[in-house]
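Reader: I am in my first year and still learning to read protein models. Please pick one part of this one and take me through it closely.

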Amino acid sequence: MAAVHSHSGDTSGRPAPDASPDCGHRHLTGDGPQGGSGDVPSSLCGLDGGPLTRFSVAMPEELLMRFDGLVARRGVAKNRSELVRDLVREALIREEADQPGAEVMGTLTIVYGHHSGDVQETLHRIQHAHFGMIVSTTHVHLDEHNCLEVIILRGEATEVRIIADQILGTKGVKNGGLVITTTGQMI
Ligand code: NI
């Protein structure tokens, strides 16, 4: 419970970028007798990203300790609040990307051996067939045999995944993965 009632909410010892020194609202108040709903706003501090609402979060101490470890590993630019915001955005982006018709960005990284059959021709054909969705392709010659490509796609989430699966399913592609992210409209 002590962690819930900490004053700043950021006990990592680093400065909290979202905590205005003049706001005077750094005391968390949301954890009431019933255990708190976790969504009780206690302050509004207008900073670079606009007004911020502070709320309290209750969680098991063990989980909080592990979370603080993650915060520490992310470096000095991130405190608890920053990381919570990142995690919320990640969840919202993932949910948004699952909505039919949602426009997303995808970065597809693949590694393939260019001697393997007609892999280069097949990869080229797939990308030309969907040229309207291929924003950019970067090709790196890793060694005499292997190539790495990063293909950036933009389009409807389902279509992006279908194209990525076609490319990943191409014979000769040894490794790869797709990362879906926002077009920037929902972040
Ligand atoms: Ni190459």
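**A close look at the open sheet**

Author: Start with strand 3 (residues 103-113) and strand 6, which pair in the antiparallel sense over 9 bridges. Some ground rules come next. This is a predicted model: local features need pLDDT of at least 70, side-chain atom pairs count only at pLDDT 80 or more, and totals for chains, interfaces and linings use all residues. Residues are numbered from 1 along each chain as its sequence is written.

Now the terms. Helices (H or I, at least four residues) and strands (E, at least two) are DSSP runs, numbered from the N terminus. Two strands pair if DSSP finds at least two bridges between them.

The protein has 4 helices and 6 strands. Read from the N terminus, the elements run β-β-α-α-β-α-β-β-α-β.

Back to the sheet. It is open, has 4 strands in the order 4-5-3-6, and its pairing is antiparallel. Strand 4 (134-141) and strand 6 (173-182) are the edge strands, each pairing on one side only. On average, neighbouring strands of this sheet are turned by 15 degrees against each other, direction ignored. Such angles run from 0 to 180 degrees between N-to-C directions, with axes as lines fitted to C-alpha atoms, for helices over the stretch in contact. In general, strands of a sheet pair through backbone hydrogen bonds, either parallel or antiparallel.

Follow the pairs residue by residue. Between strand 3 and strand 6, Val104 has Thr182 as its bridge partner, and Thr109 has Gly177. Strand 3 also runs antiparallel to strand 5, joined by 11 bridges. There, Val111 is matched with Leu148 of strand 5. Strand 4 and strand 5 are antiparallel too, with 7 bridges. Thr137 stands opposite Ile151 in strand 5. These two strands form a hairpin, with 4 residues between them.

What lies across the sheet strands? Helix 4 (residues 157-168) lies across strand 3, strand 5 (146-156) and strand 6. Helix 4 runs at about 160 degrees to strand 5.

Look at the two faces of strand 3. Val104, Gly106, Leu108, Ile110 and Tyr112 make up the covered face. The uncovered face has Glu103, Met105, Thr107, Thr109, Val111 and Gly113.

Next, the core. A nonpolar core is a set of buried Ala, Val, Leu, Ile, Met, Phe, Trp, Tyr and Cys residues joined through C-beta atoms within 7 Å. Buried means that 20 or more other C-beta atoms lie within 10 Å of a residue's own; 12 or fewer means exposed, in between is partly exposed, and C-beta atoms are placed from the backbone. The largest nonpolar core has 14 residues. Those with the most contacts inside it include Val104, Leu108, Leu153 and Val160. Strand 3, strand 5 and helix 4 each give two or more residues to this core. In soluble globular proteins, nonpolar side chains tend to be buried together.

Finish with Leu153. Two residues are in contact if their C-beta atoms, placed from the backbone, lie within 7 Å. Leaving aside neighbours within four places in sequence, Leu153 is in contact with Gly106, Leu108, Met133, Ile134, Val135, Val160 and Ile163.
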